[in-house]
Every structure is written in structure tokens, then in C-alpha cells.
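Biologist: I'm new to this one and would like a close look at a single part before I wander off into the rest. Could you walk me through it slowly?

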Amino acid sequence: MKYATEILPFIRVYKDGSVERLAASPNVPPSAEDPETGVSSKDITILENPPISARIYLPKQVEQHQKVPLLVYFHGGGFCFESAFSLVETKYMNSLAYLAKVVVISIEYRLAPEHPLPIAYEDCWAGLQWVVSHSGYYGIDNKEPWLSTYVDFDRVYVAGDSAGANLAHNILMRAGSEALNGGIKITGAHPYFWGSKPDGSETKNIEEREKIPTYTIWQFVYPEAPGGIDNPMVNPVIPGAPSLAGLGCSRLLVSVAEKDALRDRGILYYNAVKGSGWKGELELIEVEGEDHAFQILVYEFGL
């Protein structure tokens, strides 16, 4: 066998160390004006070392004197494929910026296996800190004028899809214990969690559980994770995990899809937050008839 690791239909790692990402949609350039939404986008460098970049989106209807909310977004892809610059993510961000009338910045974090977890968590935290630094007089050499000019830093949201939602949760947990630059408070946040013990309709067969992509991908992207699949970063309800009362935001939206294998895990997370003593405003949305990351994949199939 010429593969060192193969997780179908997502990724192959060859014995020479090269990586083939099978599931990623193609990258596309930013646009001065998206023909469908009118949203402008551009790519920016956040840090040179480590290399962290982003794509930022500005809705056409935002005037220069206006200050609008900011959405800091983390893309999905199992921590090992997809990109902030991909076709499906770009189309989704254009839609979000247009419909919500917000500035969106999608962080390009480094991927496993070349950069195993927890590197993506650190990249996303560094990206968020750089973004919120625009709220005050910080010595940033590469300030982004779209952030300085158009963003109301009293209305900052963090979100993600699939693995990106896992990133968002863990960033919010960190924001609850560490200060963000400028004293910025996150106002609000779709889940990617798992664990060794089954919940709800999840299969109880141990061998089957260990073949589920959520399990195999976690072992692949974070082989050194203390506790493995029960590490609090992927199983935040495990006994001994940090209290969810420490979430560093004032509002939280959890979105699940009826046909998603991770649905029950998302509802478990919602109920755990609800029972934790967290003081914020909590909402659960379940979309009937849809599967995992449907809001992104709709663009892949051109529907």
C-alpha cells in the first residue's frame, strides 16, 4: 500500500509525506464586487510568522459613516482540508455578509497533518486577537482599513461550520478566561463534537464508533491529544472538562441538522451549556430534512 493514511472520502497521506486533499473545493480569488450579492472581498495577511491570513468581506450597502457588526468566521473541513479561500466558503461568506449586512472576516488557519492540532486553535486565537486590536490604539503595522472604518466593536460575533464550529467553541472558552485586546467582549456563536460514550441515536457499537469520520479524523489531526476522543476540546461535556459557564460570550446560537450524525451531540452541548450556570442568552435551531454542513455544501453542488 502506497498510502500511510487514508480517510475516505476526505484525505490521503502518502508514504513520502505528501498529502492529497480529496474533499476540498477549489480556491477562488476575491472579488471587487461579487456579481450575485455586490459584496466586495479581499485577502489580507494577519501575521507573517506564523503565517496566518484571511479573506474579508464588505457589503455594498454599508456606507462609510456606518458602523456595522463583525463576524469572525472559522471554516470547516475536519481541521485538515478546505480553506477560507475556497469556492464554497467564499460563496457562503458573500451570502452572510449580504443578508446580515455585516463585515465578515474568515480566518485561514494552518491544516493538519502538516500542522497538527492544537496549531489551528492557536492560529484562530491569534487571528481573533489581531482583529479586535483594531478597536483601540494598538501598535499594529498592518492595520486593515475595512475593520477600522466600518466595524462596531461592541457587536463582534464568532462562528464556524463543522470543525470551524469546534474552533469557535474553543476560542470562546479561551476568551472566557483570557482577555481579548481592547477588552472586547464577544456577543455570540454549529457543532463538531464527539466522545467515547454514545449519546441519543448514536451507534453503541464500539468498533463502528471508531470508524466514524469524526473519530478517525480527530485521531488523525490531533494524535497527541490528552484523553484522545474524550479530550475536552472535542468532548466538552466529559466529566472534568472546564465548566461551560466559562464561555466568553453573552449570546450563543447552536444550529443542528435533522439528518446530521452529529445532531444529538449538538443538542447535548446545548443542554450542557443550559445547565452549566452560564449567564448568557442561548438558542437552539434544528433544520429539518438537512444533513451536516448543508448550508456550505449547497454551493458545492450548485443548488
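Biologist: Where is the place of Ser 106?

Modeller: Before anything else, keep in mind that this is a predicted model. Ser 106 sits in strand β7, which covers residues 103-108. With a relative accessibility of 0%, Ser 106 counts as buried, because anything under 20% falls in that class. Who are its neighbours? Setting aside residues up to four places away in sequence, Ser 106 touches Ser 53, Ala 54, Arg 55, Tyr 73, Ala 84 and Met 93.

Met 93 is a handy link to the next stop. One of the contacts of Ser 106 is Met 93, and helix α1 runs over residues 87-100. That helix brings us to a pocket: α1, α6 (213-221) and α8 (294-300) each give at least two residues to the lining of the second largest pocket. The pocket's volume is about 540 Å³. Its lining has 25 residues, and those nearest the centre are Phe 10, Phe 81, Ser 162, His 292 and Ala 293. Sorted by character, the lining holds 13 nonpolar, 6 polar and 6 charged residues.

Let's stay with α6 for a moment. Thr 214, Tyr 215, Ile 217, Trp 218, Phe 220 and Val 221 are the buried residues of this helix. Look at what they press on: the buried residues of α6 pack against β1 (3-7), β2 (11-14), α2 (119-132) and α5 (206-209). As background, an α-helix has 3.6 residues a turn, so residues three or four places apart point the same way.

Now for the charged pairs. The whole structure has 16 salt bridges. One of them involves helix α1 again: Lys 91 pairs with Glu 36, and their closest N and O atoms are 3.7 Å apart. Lys 91 belongs to α1, whereas Glu 36 is in the loop between β3 (19-21) and β4 (40-47), so this salt bridge ties together parts that lie 55 residues apart in sequence. The two partners fall into separate exposure classes: Lys 91, at 29% relative accessibility, is partly exposed, while Glu 36, at 62%, counts as exposed.

Another salt bridge joins the side chains of Arg 12 and Glu 6, with 2.5 Å from N to O. Arg 12 counts as buried at 18% relative accessibility, because the limit for that class is under 20%. Glu 6, at 30%, is partly exposed. A third example is Arg 263 with Asp 264, where the N to O distance is 2.4 Å. Here Arg 263 is partly exposed, with a relative accessible area of 24%, and Asp 264 is buried, at 10%. There is also a linked group: through salt bridges that share partners, Glu 6, Arg 12 and Glu 20 form one network.

Follow the chain on from α6 and you come to a glycine worth a glance. Gly 246 lies in the loop between α6 and β10 (251-257). Its relative accessible area is 28%, so Gly 246 is partly exposed. Leaving out neighbours within four places in sequence, Gly 246 is in contact with Leu 172, Met 173 and Gly 176. Gly 246 and Gly 277 are 31 residues apart along the chain, and 9.0 Å separates their C-alpha atoms.

Compare that with a residue in the strand after that loop. Leu 252 is part of β10 and counts as buried at 4% relative accessibility. Leu 252 and Leu 262 are 10 residues apart in sequence, yet their C-alpha atoms are 18 Å apart in space.

Last stop, the cysteines. A disulfide is a covalent bond between the sulfur atoms of two cysteines. How many disulfides does the model have? The count is 0. Take Cys 124: the closest cysteine sulfur, in Cys 80, is 14 Å from its own sulfur, which is too far for a bond because the cut-off is within 2.5 Å. Cys 249 is in no disulfide either, with the nearest cysteine sulfur, that of Cys 124, lying 16 Å away. Both of these cysteines are tucked away from the surface: Cys 124 is buried at 0% relative accessible area, and Cys 249 is buried at 9%.

Methods:
Residues are numbered from 1 along each chain as its sequence is written. This is a predicted model: local features need pLDDT of at least 70, side-chain atom pairs count only at pLDDT 80 or more; totals for chains, interfaces and linings use all residues. Side-chain values use heavy atoms; hydrogens and water are left out. Helices (H or I, at least four residues) and strands (E, at least two) are DSSP runs, numbered from the N terminus. Buried means under 20% relative accessible area, exposed over 50%, partly exposed in between (1.4 Å probe, protein chains only). Contact means heavy atoms within 4.5 Å. On a 1 Å grid over the protein atoms alone, a cavity is a set of points where a 1.4 Å probe fits but cannot get out, and a pocket is an open set with protein on both sides within 12 Å along at least five of seven lines; lining residues have an atom within 4 Å of a point. Grid points are joined across faces, edges and corners, and a volume is the space filled by probe spheres set on the points. Ala, Val, Leu, Ile, Met, Phe, Trp, Tyr, Cys and Pro count as nonpolar, Asp, Glu, Lys and Arg as charged, and the others, Gly among them, as polar. A salt bridge is a side-chain nitrogen of Lys or Arg within 4 Å of a carboxyl oxygen of Asp or Glu.
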